[in-house]
Amino acid sequence: MSKQQTISPAPVKRTVRVKASPSRAFEVFAAGMGKWWPKRHAIGASPLADVIVEPRAGGRFYERGEDGCECEWGRVIAYEPGKRVALGWQLDADWRHDPDFEVEIEVTFKAEGKATLVSLEHRNLERYGERAEEAAASLGGDSGWTGLLASYAEAVSASA
């Protein structure tokens, strides 16, 4: 009897090189996420005002609407300024917060001369179950991390 093989979607991996030090690149990514995150990528009823990554492991990762309402996105797994940030993404395939669901985002910052290589991995996508391939395609597409990192890179350039 042979075992049925399960094929999981590959993690979404993206990189971008920015003209900034690792500490500045990290600051714009984590502390300044609300400045570069597209306003249309929100889950709350109120228009997006900010995205907050609390600066500590165990902190919250959430959006704040223009009306002050907060919507959880997940939690901070690791917060190492200038080196890496890891986030527990708790948004399901319908973009709703589910505290019992979690995939991970890890972003690292590596100096390369006067620039920084920013590497992102959104992993454990098999946890989306039957919608894993759909989620991977969305997260990896132009309106997902490809476009998000382009917006991030523009924000780094603007802050130089």
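**A tour from fold to Asn-124**

Start with the whole chain and its long-range packing: of the contacts in the protein with a separation of 6 or more, 49% join residues 24 or more positions apart. Keep in mind that this is a predicted model.

Colour by secondary structure next. You should find 4 helices and 7 strands. Trace them from the N terminus: the order is β-α-α-β-β-β-β-β-β-α-α.

Now zoom out to the overall dimensions. Along the principal axes, the C-alpha atoms fill a box of roughly 60 × 40 × 30 Å. The radius of gyration is 16 Å, which agrees with the value near 15 Å for a compact globule of 160 residues.

Switch on the surface. The accessible area comes to about 8,700 Å², and carbon and sulfur atoms hold 49% of it. Of the 160 residues, 47% count as buried.

Select the charged side chains. There are 21 positive and 24 negative ones. The centres of the two sets lie 8 Å apart.

Last stop: select Asn-124. Where is Asn-124 found? Asn-124 sits in the loop between β7 (115–123) and α3 (132–140). Is Asn-124 buried or exposed? Its relative accessible area is 18%. The cut-off for buried is under 20%, so Asn-124 counts as buried.

Then show what surrounds this residue. Which residues does Asn-124 contact, leaving aside its neighbours within four places in sequence? Select Val-103 and Glu-104: Asn-124 is in contact with both.

Technical notes
Residues are numbered from 1 along each chain as its sequence is written. This is a predicted model: local features need pLDDT of at least 70, side-chain atom pairs count only at pLDDT 80 or more; totals for chains, interfaces and linings use all residues. Side-chain values use heavy atoms; hydrogens and water are left out. Helices (H or I, at least four residues) and strands (E, at least two) are DSSP runs, numbered from the N terminus. The radius of gyration is taken over C-alpha atoms; the globule rule is 2.2 Å times the number of residues to the power 0.38. Buried means under 20% relative accessible area, exposed over 50%, partly exposed in between (1.4 Å probe, protein chains only). Contact means heavy atoms within 4.5 Å. Accessible areas come from the Shrake-Rupley method with a 1.4 Å probe; for residues, only the protein chains shown count as cover. Lys and Arg count as positive and Asp and Glu as negative; His and the chain ends are not counted. The place of a charge is taken as NZ of Lys, CZ of Arg, CG of Asp or CD of Glu.
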